[in-house]
Amino acid sequence: MSNSGIITNQGRDLFAQKQAEQQPLNIDRFMLANISGLDPQVLPSMDEPIPAVEDQVATIEVTRSGYVTADKVVYSLFMPSTMGDFTFNWVGLLAEDGTLMAVRYVEPIDKYKTVGLSVGNAITRKFLADLRGCASHY
């Protein structure tokens, strides 16, 4: 399985625009989708579009973000056992204006919520955004 996602062209453009205007770039949401036939072995296109509405399963605020180095920032998402039920195989990072900044394909992951005595799962996803052009996901 591929270990990397990518920074999209539209993400790079927005980053450059914000830098030129000396404005902050706020990456504030994860988007999760379940896209039929998606191959997790393939890197996404740098021109990756946001998935069709019918494929989107959740849009969730970034739980935490942190400085790693001058050109790397990590974004974390925590999904508690009260969230679910859905399956996802596409993970994206969105800026506050809706721009898809980075994307990663993954093997399908099932997210279940706790219902009665049936215990759900808690999942953490992270993106290490490398402003030199790649994004690692773990």
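Met-31, a residue of strand β2, has Thr-59 as its bridge partner in strand β3, and this pair is a good place to enter the structure, which is a predicted model. The pairing between β2 and β3, the latter spanning residues 56-61, is antiparallel and extends over 5 bridges.

Met-31 also has a bridge partner in strand β6, namely Gly-92. Here too the strands run antiparallel, with 6 bridges joining β2 to β6, which covers residues 86-95. The reader can therefore follow β2 from residue 27 to residue 33 and ask how many of its residues are buried. Of the 7 residues in β2, 5 are buried, where buried means under 20% relative accessible area, so the strand is largely enclosed by the rest of the structure.

From the strands we can turn to the empty space in the model. Rolling a probe the size of a water molecule over the atoms shows where empty space is left. The largest pocket has a volume of about 190 Å³, and Ile-27 is one of the residues that line it, together with others including Phe-15, Lys-18, Gln-19, Val-73 and Tyr-75.

Which elements supply at least two residues each to this lining? They are α1, which covers residues 9-20, and β5, which covers residues 72-79; the largest share, 3 residues, comes from α1. By character, the lining of the largest pocket divides into 8 nonpolar residues, 2 polar residues and 1 charged residue, and Pro-24, Leu-25, Ala-129 and Leu-131 are also among the residues found there.

Methods: Residues are numbered from 1 along each chain as its sequence is written. This is a predicted model: local features need pLDDT of at least 70, side-chain atom pairs count only at pLDDT 80 or more; totals for chains, interfaces and linings use all residues. Side-chain values use heavy atoms; hydrogens and water are left out. On a 1 Å grid over the protein atoms alone, a cavity is a set of points where a 1.4 Å probe fits but cannot get out, and a pocket is an open set with protein on both sides within 12 Å along at least five of seven lines; lining residues have an atom within 4 Å of a point. Grid points are joined across faces, edges and corners, and a volume is the space filled by probe spheres set on the points. Helices (H or I, at least four residues) and strands (E, at least two) are DSSP runs, numbered from the N terminus. Ala, Val, Leu, Ile, Met, Phe, Trp, Tyr, Cys and Pro count as nonpolar, Asp, Glu, Lys and Arg as charged, and the others, Gly among them, as polar. Buried means under 20% relative accessible area, exposed over 50%, partly exposed in between (1.4 Å probe, protein chains only). Two strands pair if DSSP finds at least two bridges between them.
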